[in-house]
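Q: Could you take a close look at one part of this protein for me, the salt bridges around one buried acidic side chain? I'd like to know what sits there and how it ties in with the rest of the chain.

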Amino acid sequence: MQHRLTPLLLLAAHVNQGLSPVCRRLHGGLLRVHPRVSEAIANQKPVVVLESTIITHGMPYPHNLNTAREVEEVVMRHGAVPATVAVLKGRIHVGLSDPELQYLAESKETFKASRRDLPYFLSKGFSGGTTVSATMMVAHKVGIRVFVTGGIGGVHRDGQRTLDISADLTELGRTPVAVVSAGVKSILDIGCTLEYLETQGVCVATFGKTRDFPAFFIPQSGFQAPYNVITEEDAAQLIDSACELGQGSGVLIAVPIPEEHAPEGFLIEEAVQQSVAEARAEGILGKEVTPFILQRVMELTQGASLSANIALIKNNAKVGSRIACALARRRHGKHAIPSELQTEKQANPTQPVVIGGCNIDFIAKANDDIMKFGGVTNPGSVYQSFGGVGRNLADCLSRLGIAPLFISAIGQDGHAEAFLHNCSHMDTSAVARLPSCNTATYCVVITGTGELCMGIGDMDIHQQITEQYTSQFEERLRSASLVCLDGNIPVSTLDYVCRVAKDHNVPVWYEPTDFNKASKPFVSDSWRALMYTSPNLGELRSMNEALGLPVPAELPSEMEDVIDVAMSMSRPLLKHLQCVLVSLGCQGVLLCGRGEAGTLSLQPRKDHQSAIGKVCALHQPSISVDAEEIMNVSGAGDSLAAAVIAGLLSGQDTHTCLRMGLLAANYSLKSRDPISRSITMDSVNPQRVNERAWLAPTYHWVDETFIK
């Protein structure tokens with residue numbers, strides 16, 4: 001498997017480890033990878049390669065430029081990074097800026113660059129649009145597995161005599177890249193083309209419910225493909241299998257023209273046949289045939305072929321982008337949502353999303369409860385662990401069988417490799433790998449009883465979890481069952497996610513991290529989009545301060561006073577939030593919300609509708625833990641929140657959710673790691689705990705107390 005993953009990193013501009021001398025030389029002189037594409041490859045994000053002959057030779061200006069821009073937008077809209085390939089002044093470019101696209105579209109001095117032409121064009125400093133064969137070769141060199149085009153070349157009619165066979169076919173036979181196209185053009189000998197692909201060992205499959213092989217403008221050529229794939233996940237599995245096998249040839253995914261354009265496609269086909277006859281009569285041969293026919297067809301159809309061509313390419317880009325995303329998920333060992341649950345609007349899994357920090361923890365635990373300072377060495381133990389609030393939440397949810405998409409950032413250092421290895425059970429496909437930053441580290445000193453004494457953190461990388469980066473996963477945010485944010489992310493990112501979630505009625509859970517960061521959503525109106533938050537008493541006070549509300553100068557310690565203060569400070573938040581889950585440490589947990597007749601529901605309300613009922617709180621005392629058993633308190637609150645989230649997402653009642661959270665926190669208190677490896681859905685099942693171990697829960701009201 002390693003030999004397949006390594007090329008993904010080879011030509012990223014900022015990656016230097018493991019580069020062969022040939023690749024370094026290419027990247028330094030003949031090959032330029034756009035930083036956007038380089039970062040995507042290095043971070044193993046989905047990337048889609050696009051060829052450029054459609055810009056230089058396929059359409060007239062300005063349609064070529066507009067189409068190139070629109071196709072790149074389609075790729076981005078469906079979750080992938082576009083990488084248009086072209087030759088510019090003697091250098092191969094993978095990924096183009098808008099001025100570079102415009103230059104290709106307007107220039108009259110560009111050539112059509114196939115694989116055979118590249119050495120000459122590079123040596124002469126020429127510019128040109130790359131064909132399918134050249135683009136495939138470049139895509140493979142930089143480690144991109146999916147390539148979208150309009151239609152591939154094939155065996156020309158009378159090819160058995162003239163040997164006029166497109167280089168696209170031989171490239172498919174020797175380059176392991178998946179090509180998504182609308183089949184082959186009807187001007188070719190489609191039967192011989194399919195036979196030739198079989199000879200070259202190319203796996204050919206149609207995309208859809210039938211094996212009818214398309215012929216560019218028409219959905220059925222009269223020939224059958226050997227296989228078909230129905231969904232993007234099926235296509236990704238096919239491509240992955242071909243790569244695992246290592247047979248060295250490509251995969252052709254043939255996508256029929258969209259149904260709404262099929263009727264005009266048959267009319268266009270008549271013009272194609274007329275153009276073929278004209279080309280023969282005028283003696284037009286070789287690579288000049290296709291441009292002549294496309295131009296003539298556009299004239300005969302009065303532009304109808306151009307609109308159909310654009311629709312066809314954009315449809316291919318949509319399908320190819322989704323396949324690339326499915327491949328990225330498979331590369332991280334995750335299973336996508338079943339195909340029968342996919343829709344046009346929502347093709348990605350409705351899994352929850354966690355956005356937040358991850359860091360490497362160095363934990364120093366003293367033997368004694370009283371720490372000595374002033375240069376004195378305190379006896380104890382020091383060990384490494386993996387933390388970060390977002391990471392802890394994603395870790396615990398994954399152990400509970402609800403694997404969220406985790407959006408975060410790490411460096412490209414040894415700590416990053418350790419993180420990826422340790423968190424292999426999580427979906428880390430959205431974790432950015434940034435060469436210019438250190439993976440976050442946190443050194444914490446705790447007392448003999450597990451209480452936090454002090455901490456020092458190198459957390460600058462958390463500011464790289466930007467709105468721009470997070471927006472690449474907007475489709476996943478829109479379809480998420482719940483989005484959980486931790487207080488480490490920038491305010492602008494938090495605001496952006498809250499806007500998206502509110503627009504698409506996605507519940508948002510805010511884990512405030514610490515009292516300094518608790519106020520982030522409350523400095524703007526973003527907090528009105530939250531549905532849940534899980535502060536401790538100090539963090540809840542910070543939230544109220546950010547809203548300009550009066551707060552107690554000192555926080556109480558007596559249970560009755562603690563509940564009164566927690567309810568008083570939760571009440572203004574409940575104007576918009578559904579629930580405030582207040583962690584009370586050894587005193588348990590207090591769930592504040594609105595309810596009637598001794599009921600308080602955690603299940604999300606629809607459309608952020610106003611809560612009904614009086615402000616009340618449900619207090620669930622925790623299970624007692626001996627002080628000698630406590631190993632670490634740093635992940636207990638995160639375990640509590642994650643298990644409560646897992647309970648509500650799996651449809652459990654409120655009491656069960658709270659007890660699941662307390663059991664998960666109990667496990668983590670006794671673990672050296674922030675999240676105990678003993679946490680499973682079975683281990684936090686309250687029914688497995690002796691009922692007598694649970695103290696009776698109590699309901700509290702603003703103006704009265706109801707004891708259940």
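A: Start with Asp240 and Arg145, which are both buried. In this predicted model, their side chains meet in a salt bridge, with 2.8 Å from N to O. The two come from distant parts of the chain, 95 residues apart. Asp240 belongs to helix H13 (residues 232-245), while Arg145 is in the loop between helix H9 (132-142) and strand S7 (146-148).

Asp240 has another partner too: it forms a salt bridge with Arg330, where the closest N and O atoms are 3.3 Å apart. Arg330 lies in helix H16 (residues 304-331) and Asp240 in helix H13, so this pair ties together parts that are 90 residues apart in sequence.

How enclosed are the two ends of that second pair? Asp240 has a relative accessible area of 8%, and buried means under 20%, so Asp240 counts as buried. Arg330 comes out at 30% relative accessibility, so it counts as partly exposed. So we have a buried Asp240 with salt bridges to a buried Arg145 and to a partly exposed Arg330.

For context, the count for the model comes to 20 salt bridges. Among them is a network that links Arg115, Glu171 and Arg174.

A helpful contrast is the pair Glu474 and Arg478, whose side chains meet in a salt bridge at 2.6 Å, N to O. Both of these lie in helix H20 (residues 474-479), 4 residues apart, or about one turn of the helix. An α-helix has 3.6 residues a turn, so residues three or four places apart point the same way. Arg478 is partly exposed, with a relative accessible area of 41%.

Now to place all this on the whole protein. The domain assignment gives domain 1 (7-333), domain 2 (349-480) and domain 3 (531-707). Taken over C-alpha atoms, the centres of domain 1 and domain 3 are 55 Å apart.

If you'd like another buried spot to look at, try helix H24 (residues 636-649). Its 14 residues reach 20 Å from the first C-alpha to the last, close to the 20 Å expected at 1.5 Å a residue. Of those 14 residues, 12 are buried, so H24 is largely enclosed by the rest of the structure. The buried ones include Asp638, Leu640, Val644, Ile645 and Leu648. Just after H24, Gly651 takes a positive phi of about 80°.

Note on methods
Residues numbered from 1 in each chain as written. Predicted model: local features only at pLDDT ≥ 70, side-chain atom pairs only at ≥ 80, totals over all residues. Heavy atoms only, no water. Domains from an automatic or database assignment. Expected span 1.5 Å × (residues − 1). Buried < 20%, exposed > 50% of the residue type's maximum accessible area, 1.4 Å probe, protein only. Salt bridge = Lys/Arg side-chain N within 4 Å of Asp/Glu carboxyl O.
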